[in-house]
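Please keep the sequence and the model side by side while reading, since the paragraphs below move from the overall plan of the chain to its sheets, its core and its surface.

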Amino acid sequence: MKNYTITVNGNVYDVTVEENGSGVPAAAPRAAAPVAAPKAVPAAAPKAAAGAGSIQVKAGAAGKVFKIEANVGQSVQAGDAVVIIEAMKMEIPVVAPEAGTVASIDVAVGDPVESGAVLATLN
């Protein structure tokens with residue numbers, strides 16, 4: 001199995017492809033994946049570096065930022081929604097992994113995000 005991240009019309013999708021033994025089908029997606037990856041990585045890298053907190057709040061799924069629930073300086077408890085991501089027409093809350101104070105929000109509404117991307121940080 002191979003994992004790829006594909007961007008279609010600004011939407012980011014994580015795709016898993018099973019190899020069937022033929023090298024030709026696996027080579028075509030491999031050529032397309034590097035085109036999409038550089039667009040997403042530079043946009044996410046500065047935002048992740050902007051975080052001031054030591055606790056990272058990461059996206060559990062790829063999608064678009066639908067709503068930001070917390071503000072910088074706000075106290076949150078473990079399990080409180082910090083950001084809501086829209087993926088496949090569903091709203092998925094991204095919650096604080098532990099209690100703390102929001103140090104940074106590293107995304108904006110409408111931003112595409114990949115699974116595992118840092119969306120905010122807490123102190």
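Helices and strands are taken here as DSSP runs, of at least four residues for a helix and at least two for a strand, and they are numbered from the N terminus. With that convention, methionine 88 can be placed in the loop between E6 and E7, a loop to which the account returns further on. The model is a predicted one, and the values that follow are computed from it.

The chain contains 1 helix and 10 strands, and, read from the N terminus, its elements follow the order β-β-α-β-β-β-β-β-β-β-β. Of its 123 residues, 29% are buried, while the accessible surface amounts to about 7100 Å², with 57% of that area belonging to carbon and sulfur atoms. If one takes the contacts between residues at least 6 apart in sequence, 58% of them join residues at least 24 apart.

The beginning of the chain is a convenient place to start, for here strand E1 (residues 2-8) and strand E2 (residues 11-17) pair in the antiparallel sense over 7 bridges. Within this pairing, isoleucine 6 has tyrosine 13 of E2 as its bridge partner. E1 and E2 make up a hairpin with 2 residues between them, and asparagine 9, which belongs to the turn, has a positive phi of about 50°. As background to that value, most residues other than glycine have a negative phi. The hairpin also contributes to the surface, where Ile6, Val8 and Tyr13 make a nonpolar patch of about 240 Å². Valine 8 has its place in strand E1, and it counts as partly exposed because its relative accessibility is 41%, a value that lies between the limits of 20% for buried and 50% for exposed.

Further along the chain there are two open sheets to trace. In one of them, 4 strands are arranged in the order E3-E10-E8-E5 with antiparallel pairing. Strand E3 (55-58) and strand E5 (75-76) stand at its edges, and because each has a single partner strand, one side of each is left without a neighbour in the sheet. Inside this arrangement, strand E8 (residues 100-105) is joined to strand E10 (residues 118-122) in the antiparallel sense over 3 bridges, and valine 102 has leucine 122 of E10 as its bridge partner.

The other open sheet is likewise built from 4 strands with antiparallel pairing, in the order E7-E6-E4-E9. Its edges are strand E7 (90-95) and strand E9 (112-113), each of which has a single partner strand, so that one side of each is without a neighbour in the sheet. Strand E4 (residues 63-68) runs antiparallel to E9 and is joined to it by 2 bridges, and the bridge partner of glycine 63 in E9 is valine 113.

Valine 113 appears again when one turns to the interior: the largest nonpolar core has 17 residues, and those with the most contacts inside it are Val82, Val113, Leu119 and Leu122. E3, strand E6 (81-87) and E10 are the elements that give two or more residues to this core. Which residues does leucine 122 contact, leaving aside its neighbours within four places in sequence? They are Gly53, Ser54, Ile55, Val57, Val76, Ala96, Pro97, Glu98, Thr101, Val102 and Ala103, a list that includes valine 102, its bridge partner in the sheet.

The loop between E6 and E7 can now be taken up again, since methionine 88 and lysine 89 both lie there. Phi is near 55° for methionine 88 and near 65° for lysine 89, in each case a positive value in a residue other than glycine. Why do methionine 88 and lysine 89 count as exposed? Methionine 88 does so because its relative accessible area is 74%, and lysine 89 because its relative accessible area is 81%, where exposed means over 50%.

A last feature concerns charged side chains, for which the count comes to 1 salt bridge. Lysine 67 forms this salt bridge with glutamate 69, and the closest N and O atoms are 3.4 Å apart. Lysine 67 is partly exposed, with a relative accessible area of 41%, and glutamate 69 is also partly exposed, at 32%.

Definitions and conventions
Residues numbered from 1 in each chain as written. Predicted model: local features only at pLDDT ≥ 70, side-chain atom pairs only at ≥ 80, totals over all residues. Heavy atoms only, no water. Pairing = 2+ DSSP bridges. Core = buried A, V, L, I, M, F, W, Y, C linked by side-chain atoms within 4.5 Å. Buried < 20%, exposed > 50% of the residue type's maximum accessible area, 1.4 Å probe, protein only. Contact = heavy atoms within 4.5 Å. Patch = residues over 30% accessible without salt bridge, like charges linked within 9 Å, V, L, I, M, F, W, Y side chains within 5 Å. Areas by Shrake-Rupley, 256 points an atom, 1.4 Å probe, with all protein chains shown as cover. Salt bridge = Lys/Arg side-chain N within 4 Å of Asp/Glu carboxyl O.
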